[in-house]
Amino acid sequence: MAKNEIRIGGLGGQGVILSGIIIGKAASIYDGKHATLIQAFGPEARGSSCSAQVTVDDDPIGYPYVKKPDILVVMSRDAFTQFVPNLKPGGMLLYEEELVDPTDLPKGVKKFGIPATRYAEELGRKLVLNIVMVGFFAGVTGLLSPKAVEKAVLASVPRGTEDLNLRAFKKGFEHGQRSVGV
Amino acid sequence: MKADPKGVLTGIHFIDGDQAACEGALAAGCRFAAGYPITPSTEVVERFAGRVPLVGGVFIQLEDELASSIAIQGAAWAGKKVMTVTSGPGLSLMMEHVGFAAFTETPCVFVDVQRGGPSTGLPTAPAQADMMQVRWGSHGDYPMIALSPNSPQECFDLMIEAFNLAEEYRVPVFFMMDEVVGHMIERVEIPEASEIEVTERKWTDKKGKDYLPYEADESLVPAMTKAGDGHRIHITGLTHDERGYPVMNASTQDKLLKRLLGKIEINRDKLVDIREDGVEGADVVVVSFGITSRVAGAAVEMARANGVKVGHLRMIITWPFPSKRIKELAQTVKAFIVPELNMGQMVIEVERAVVSDAEVISIPHAGGTVHEPEVILEKIMEAAR
């Protein structure tokens, strides 16, 4: 597999960075690939915009930043507006469909929506929306093996919440697979 | 000897360079750190402060960098392996004590997670602009060693080497990270303690008045003692004789300084640590270090795809500088290209080694981000023409 550059954006508190960490962990620890994560480092706090850049490659990664992502994952309107102009034409947009209205996309972009926040609420905790999103990412992109992502979720969430997070992952994963017609 | 298993977090982790550097220090046996936390180095001491009580050691957050950089030296003479952690603005304040460490031969590691400067500069963005400061920033001539990791894995691996070198040569060792290396998160594999080689301090076995704290054998590195071992010794920043007492005359100064600088000089070939990729027969060689080596590597591959015979020489140890090897290569290479996140610092050393045997092309960058690989590619293509 060639190099895949991913940008994940949302609001501070939505678990944006953790979702990047889970994808990176899944790739580099459980799936035998290389991954580099860079987090936007600035005066970010809860409620303001926040993003992670993840590069996944079969070969070692040189240049560490993501400039024109192949895959853009957005959990907020602000993140969509900020990052969509740099999405690679022909790339992939994954978005929280009740928060983002995906218009004016670069040419050839394939878009996939999910009501991640509502799903998370239905599961009992709005907090797991990022894990729903990670599941959705795994289901739509097929970039990583679902087992690897599942393991990375379990290795990254607080003890005692494994079951809830696994259900969140599955919810997102299944929605993702339905979206791409698997 | 092997690492103390207590400090070794064996396993596979997905952590940033700052955290990996902390784990490297703990694995190396560092049991005392003092610091005044500063972005982008904060995570090193944040993690150390949380981890070291479980391992059996001490972290002190002090009032400033002067206190931090001298507290570690007290702890070193109490027998501990020590480090302080900072970034540019803090490093500037530590300069006085860098000289003290070098002159009193106190083994210690200074971690510098470089950010844009001068002054407060760019707290959350990278630079490699402290390279000359660590070499020359403290007054007088002094011996030192610097390492430049380019990934979280190397932050772990090379940190162990940094401590080993500090102990072996009794010099200040600088661990020259930058904001990108410090904050990027990647896979880090920490081996079993039994696979990690750590250097034990050279302790004296002499008793009482037989022990002269600054008497060295042919290694030029004296054996050390520590507080509580029963030796009555004097440690001073004044020019001193083998007993450690101030003797302020030209001949003592000459003898002492030549021995101190000699510790690095006679071991220069052994210390130099470079990674070469396709430099033999190359027309152009890119010389790089730290985070820039990753970007340069990408540019080198692009240039090769364009049919250029280009090599890559990456310095793992930046000080002492690999002058001899650069000079050798200058006999066959058309041009050297030196990209760095500063306005032209290590390129001066390349020029010093090359003199007029080849062209030397600097690619300066004011910092704040890394080079675009295309910028380096363009210079390679120009030079190869």
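**Group meeting: loops, cores and helices in a two-chain model**

B:Pro118 sits in the loop that runs between strand S5 (108-116) and strand S6 (122-126) of chain B, and I would like to begin there, with the reminder that what we are looking at is a predicted model. The peptide bond that joins B:Gly117 to B:Pro118 is cis, with omega at about 5°. The next residue to mention is B:Ser119, which is also in the loop between S5 and S6 of chain B, and which has a positive phi of about 55° although it is not a glycine. As for its surroundings, B:Ser119 counts as exposed because its relative accessibility is 59%, where exposed begins over 50%. As background, most residues other than glycine have a negative phi, and most peptide bonds are trans.

There is another cis peptide bond to show you, between B:Trp319 and B:Pro320, where omega is about 0°. B:Pro320 belongs to the loop between strand S13 (317-319) and helix H11 (323-330) of chain B. There is also another positive phi outside glycine, that of B:Arg170, near 50°; this residue lies in the loop between H6 and strand S8 (172-178) of chain B. Is B:Arg170 buried or exposed? It is buried, since its relative accessible area is 2%, and the cut-off for buried is under 20%.

Let me turn to the nonpolar cores. The largest has 73 residues, and those with the most contacts inside it are B:Met83, B:Val109, B:Ile145, B:Met159, B:Phe175 and B:Ile380. Helix H6 (residues 152-169) of chain B gives the largest share of this core, namely 10 residues. Where does this core lie with respect to the two domains of chain B? Domain 1 (5-195) and domain 2 (274-384) both give residues to the core, so it lies between them. To take one of its residues in detail, and leaving aside residues up to four places away in sequence, B:Ile145 touches a set that includes B:Leu165, B:Tyr169, B:Val173, B:Phe174, B:Ile264, B:Leu271, B:Ile317 and B:Trp319. A second core, separate from that one, has 50 residues, among them A:Ala52, A:Ala116, A:Tyr119 and A:Val157.

Now for the two domains of chain B themselves. Their centres, taken over C-alpha atoms, are separated by 27 Å, and 28 residues of domain 1 are in contact with 23 residues of domain 2. Between them the two domains bury about 2,000 Å², of which 57% is on carbon and sulfur atoms. Which three residues supply more than any other three of the area that domain 1 buries against domain 2? They are B:Gln128, B:Met132 and B:Asn150, which supply 33% of that area.

Within domain 2, which is assigned to residues 274-384, I would pick out helix H10 (residues 291-305), whose 15 residues reach 22 Å from the first C-alpha to the last, close to the 21 Å expected at 1.5 Å a residue. Its buried residues include B:Ile291, B:Arg294, B:Val295, B:Ala299, B:Val300 and B:Ala303. After H10 of chain B comes B:Gly307, with a positive phi near 85°. Further along, B:Val347 is placed in helix H12 (residues 346-354) of chain B and counts as buried because its relative accessibility is 4%. B:Val347 touches B:Val338, B:Glu340, B:Val360 and B:Ser362, again not counting residues up to four places away in sequence.

In chain A, helix H6 (residues 162-179) has 18 residues and reaches 26 Å between its first and last C-alpha atoms, close to the 26 Å expected. Among the buried residues of this helix are A:Leu164, A:Asn165, A:Phe169, A:Phe173 and A:His175. What covers them includes strand S6 (110-114), helix H3 (116-123), helix H4 (129-141) and helix H5 (146-156) of chain A. H6 of chain A is followed by A:Gly181, whose phi is positive, near 75°. Elsewhere in the chain, A:Arg7 lies in strand S1 (residues 4-11) and counts as buried because its relative accessibility is 13%; its contacts include A:Ser51, A:Ala52, A:Gln53, A:Ile71 and A:Phe83.

I will close with the cysteines. How many disulfides does a search of the whole structure find? Over all chains, the search finds zero. B:Cys108 is in no disulfide, and the nearest cysteine sulfur, that of B:Cys30, is 11 Å away. B:Cys108 counts as buried because its relative accessibility is 1%, and A:Cys50, at 14%, counts as buried too.

Terms used:
Residues numbered from 1 in each chain as written. Chains lettered and ligands numbered in written order. Predicted model: local features only at pLDDT ≥ 70, side-chain atom pairs only at ≥ 80, totals over all residues. Heavy atoms only, no water. Disulfide = S-S within 2.5 Å. Buried < 20%, exposed > 50% of the residue type's maximum accessible area, 1.4 Å probe, protein only. Helix = DSSP H or I, 4+ residues; strand = E, 2+ residues; numbered from the N terminus. Expected span 1.5 Å × (residues − 1). Core = buried A, V, L, I, M, F, W, Y, C linked by side-chain atoms within 4.5 Å. Domains from an automatic or database assignment. Contact = heavy atoms within 4.5 Å. Buried area = accessible area lost by both parts, 1.4 Å probe.
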